[in-house]
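Colleague: Could you take me through one part of this model up close, the biggest hole inside and the rings around there? I'm in my first year, so please spell out the terms as you go.

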Amino acid sequence: MPISVFVGVPAPRLFRCFRLAGMLLGSLSLLTACGSEPTETTASKPAKGTKAVTEAPANTDAAPLHVSVFLEYSGGMKGFVPRGGADKPATEFQQRIGALITETQVSGAVAERKYYLCENAAPRPVKFEQLRDVVQGEVSQAALGTELPQMLEGVLNRPKAGEEVSVVISDFIYGPARKSDFSQLPNLIRTSIAPVSQQQLAVAVFGETSHFYGSYFPAVKTPVQKRTLNGEKVPYYVWVIGPPAQVARYAAEVFRNAPAQQAFFGLKTKTPAFAPLLTKLTDPKLKSSGGTVYTENNGLTLNPSDDPVDFSVGLDLKELPVAWQQPAFLAQHLQVRLPNGQASLLPNSVHSLTEVEQSGQPVLAPYTHVVRLRVSKLAAPTATLTVSLPAPETPDWVAAWSTTNDNTPAPRTFGLDQILAGVRQSYPTTLPAVFTVQLPLKNDK
């Protein structure tokens, strides 16, 4: 028997042949009777005292961000920012970082922004125009570099640093004066970012490569202490540190040209809007189940005893980093759990809503994604279905970009895996889920 959905007053058994609306790849239609043609695109009005679960949630705007941008400007960074001209194309660093600081300056998501140069002392505040000049190569003399742990410590130990977003731009090459410090690299990083664990902050790491011109100073000083490069590509990184929801928002709304190499630690978002929908925006080849389901008391009443029950739900995932909003990523990482039962995410069922779909159907407006779930078994009279996004562990690209000898320039960074191991160790062994949403279920035996 095809799926049945009724929003509002619970449907008596006589009318459970009402079919789930057939919005397939863009059209939403509520089938008002068994086998009838669609006559209406809205659900019937709920009875008094009954709240339909498909009701759009309240629209609450997130508080504007407070952002501080820190650019390490040392001799080792100067090669990323050669002075250009009409006949000299900008390096990848100049293009990406120029776009990032410009977006930070003009974005409506940012209420306050400050800019700093990290030199051989405490971060020095500068105006936006000064920082832009540095990125464009309009500075002749670079300062001595600050060792990596001290630079991070200087950023995070500022008053109220834990209440804002700190954006740190550096090559993150660690070449300590004391060679014995190499063996303690994870511990040194963990100590320098102590506020991360103490204040439950999040860290996002973005890796990119860029052409480099000038003196390159490797961490490993043999056989040579420095090399002169003429356009070879070497890595640099952008770290975004702050309260988890703010880091997620900065990554989603401001860092729009973020590179593919991304790692997130401690990232959490507020509970997204989530509800069953009268829609099926999924793969057209998916077959409907024969179970019955209808909404009741902000949950679902269903009977999967004979046939699995499939239904669609909407999710508002706009606060996730852009890479995590991709259907392929969500299909791989979303987890569905149902105690005393069996539930799953149907293959090929994660659909990212277009603006046309959102604006064309009010029921879709609060959501960015639609996914299709299946309940195959429900043994208890009531249960709670949970959909969550577990926090991914350190991604594989970090190991691929790490090296124990960077004396010969390459798209790798000395000890990157050890640096990020120190970051990972600042969090619990099991990272908390990025988000969790729940849906009450009732077994209609």
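Modeller: Sure, let's begin with the holes: there are 4 cavities of 30 Å³ or more in the structure. On a 1 Å grid over the protein atoms alone, a cavity is a set of points where a 1.4 Å probe fits but cannot get out, and lining residues have an atom within 4 Å of a point. Grid points are joined across faces, edges and corners, and a volume is the space filled by probe spheres set on the points. The largest cavity holds about 60 Å³ of space.

Before going on, keep in mind that this is a predicted model, where local features need pLDDT of at least 70, side-chain atom pairs count only at pLDDT 80 or more, and totals for chains, interfaces and linings use all residues. Residues are numbered from 1 along each chain as its sequence is written, and side-chain values use heavy atoms, with hydrogens and water left out.

Now the wall of that largest cavity: its lining residues include Gly76, Phe80, Phe212, Tyr216, Asp406 and Arg412. The elements giving two or more residues to this lining are β5 (202–216), β6 (227–242) and β18 (413–414). Those names come from DSSP runs numbered from the N terminus: helices are H or I with at least four residues, strands are E with at least two. Sorted by class, the lining has 7 nonpolar, 2 polar and 3 charged residues. Here Ala, Val, Leu, Ile, Met, Phe, Trp, Tyr, Cys and Pro count as nonpolar, Asp, Glu, Lys and Arg as charged, and the others, Gly among them, as polar.

On to the rings. Rings of Phe, Tyr and Trp (its six-membered ring) pair if their centres lie within 6.5 Å; planes under 30 degrees apart count as stacked, over 60 as edge-to-face and the rest as tilted. That rule gives 17 aromatic pairs. Take phenylalanine 80 and tyrosine 236: their ring centres are 5.6 Å apart and their planes sit at 65°, so this pair is edge-to-face. It links distant parts of the chain, with phenylalanine 80 in the loop between β1 (65–72) and α1 (92–106) and tyrosine 236 in strand β6, 156 residues apart. Both phenylalanine 80 and tyrosine 236 are buried, where buried means under 20% relative accessible area, exposed over 50%, and partly exposed in between (1.4 Å probe, protein chains only).

Remember Phe80, Phe212 and Tyr216 from the cavity wall? Ring pairs join Phe80, Phe93, Phe212, Tyr216 and Tyr236 into a cluster.

Strand β5 has another ring to look at. Phenylalanine 206 lies in β5 and phenylalanine 255 in the loop between α6 (244–254) and β7 (261–265), so their pair ties together parts that are 49 residues apart in sequence. The ring centres of phenylalanine 206 and phenylalanine 255 are 4.6 Å apart with planes at 65°, so they too are edge-to-face. Phenylalanine 206 and phenylalanine 255 are both buried.

One last ring has a charge for company: the charged end of arginine 158 sits over the ring of tyrosine 116, 5.7 Å from its centre. To count, NZ of Lys or CZ of Arg must be within 6 Å of the ring centre and within 35 degrees of the ring normal.

Methods:
On a 1 Å grid over the protein atoms alone, a cavity is a set of points where a 1.4 Å probe fits but cannot get out, and a pocket is an open set with protein on both sides within 12 Å along at least five of seven lines; lining residues have an atom within 4 Å of a point.
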